Amino acid sequence: MPPEGKTITSSEVRHHLAAHLERLWRYGMVLSRNRDVAEELVQTTCVRALERSAQFTPGTRIDRWLFTLLHSVWINDLRAQRVRLGQGFVDCDELIAADNRSHEEDRMQYQQVMQRVGRLPEAQRNAVFLVYVEGFTYQEAADTLSVPIGTIMSRLAAARATLSRAVRMVRWRCAFPVRIIMRPPRCRANSATG
């Protein structure tokens, strides 16, 4: 990061872009849920970062600036195309854990969590990604998404509640895999007196 008051050079921007390329692509995937769109977002972000390097504020985190640029590109694309319905969603099976996981159970649990996170509304999914995956503070996530910090807190709380309910349902189903309701046989009252 350049010292306070000094602007960042194109060479330094290239260096930082290379260091954060994987994280930017991952965020592009979270936003778009489409590999081709994610690659396009990252390419446009790289070009924009090089063109606008003078806008970077020395003394701040460059990764946050890059994420903000990427998010801005995404929002501009959405506005330009109005709605991207039904375009190439990433199958949750592609989000399975790396092969170096030692237990199949861990891999399955990871896959289930990723599927549930993938089903969250976009706003909650973005907040979860920035805070829990990328390690942004609530304020940094709020700045990146151009929303108040309370909105980030609310989105995270809603996401945690949704994920918690889903986990409770899975545990309940595992504890009671088949619900059998047995009713005692009906007793017929003997109407004959005698």
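Which residues in helix 3 meet which residues in helix 6? In this predicted model, Arg64, Phe67, Thr68 and His71 are the ones on the helix 3 side, and they meet Glu140, Asp143, Thr144 and Leu145 on the helix 6 side. Sorted by character, the residues of this contact come out as 2 nonpolar, 3 polar and 3 charged. As for the geometry, two packed helices are described by the angle between their axes and the distance between the axes. Here helix 3 spans residues 62-81 and helix 6 spans residues 138-145, and their axes come within 8 Å and cross at roughly 35°. The crossing of helix 3 and helix 6 is right-handed.

Stepping back to the whole chain, there are 7 helices and 0 strands, so the pattern read along the sequence is simply α-α-α-α-α-α-α. The chain has 194 residues, and 34% of them are buried. Take the contacts between residues at least 6 apart in sequence: 63% of these join residues at least 24 apart.

Next come the aromatic rings. The structure holds 4 aromatic pairs. A pair of aromatic rings is described by the distance of the centres and the angle of the planes. For Tyr27 and Phe129, the ring centres are 5.4 Å apart and the planes sit at 10°, so this pair counts as stacked; the cut-off for stacking is planes under 30 degrees apart. Tyr27 belongs to helix 1 (residues 10-32) and Phe129 to helix 5 (residues 122-133), so the pair ties together parts that are 102 residues apart in sequence. Both Tyr27 and Phe129 are buried. The pairing also reaches further, since ring pairs link Tyr27, Phe67, Phe129 and Phe136 into a cluster. Phe67 is a name already met above, as one of the helix 3 residues in the contact with helix 6.

Phe136, another member of that cluster, deserves a look of its own. Where does Phe136 lie? Its place is the loop between helix 5 and helix 6. Phe136 has a relative accessible area of 3%, so it is buried. Leaving aside residues up to four places away in sequence, Phe136 touches Arg23, Arg61, Asp63, Arg64, Phe67, Leu130, Val131, Ala141 and Thr144. Two of these neighbours can be described in a bit more detail. The charged end of Arg61 sits over the ring of Phe136, 5.2 Å from the ring centre. Arg64 is 72 residues away from Phe136 in sequence, yet the two are 8.1 Å apart in space, C-alpha to C-alpha. Arg64 also takes part in the contact between helix 3 and helix 6, as does Thr144.

Finally, the backbone. Most residues other than glycine have a negative phi, and most peptide bonds are trans. Arg33 is not a glycine, but it has a positive phi of about 60°. Arg33 is found in the loop between helix 1 and helix 2 (35-51). Ser146, also not a glycine, has a positive phi of about 60° too, and its place is in the loop between helix 6 and helix 7 (149-175). Which of the opposite words, buried or exposed, fits Ser146? With a relative accessible area of 64%, Ser146 is exposed, whereas Arg33, at 18%, is buried. The cut-offs behind those words are under 20% for buried and over 50% for exposed.

Note on methods. Residues are numbered from 1 along each chain as its sequence is written. This is a predicted model: local features need pLDDT of at least 70, side-chain atom pairs count only at pLDDT 80 or more; totals for chains, interfaces and linings use all residues. Side-chain values use heavy atoms; hydrogens and water are left out. Axes are lines fitted to C-alpha atoms, for helices over the stretch in contact, and angles run from 0 to 180 degrees between N-to-C directions. Helices (H or I, at least four residues) and strands (E, at least two) are DSSP runs, numbered from the N terminus. A crossing is left-handed if the near helix is turned anticlockwise from the far one by less than a right angle, and right-handed if clockwise. Contact means heavy atoms within 4.5 Å. Ala, Val, Leu, Ile, Met, Phe, Trp, Tyr, Cys and Pro count as nonpolar, Asp, Glu, Lys and Arg as charged, and the others, Gly among them, as polar. Rings of Phe, Tyr and Trp (its six-membered ring) pair if their centres lie within 6.5 Å; planes under 30 degrees apart count as stacked, over 60 as edge-to-face and the rest as tilted. Buried means under 20% relative accessible area, exposed over 50%, partly exposed in between (1.4 Å probe, protein chains only). A charge sits over a ring if NZ of Lys or CZ of Arg is within 6 Å of the ring centre and within 35 degrees of the ring normal.
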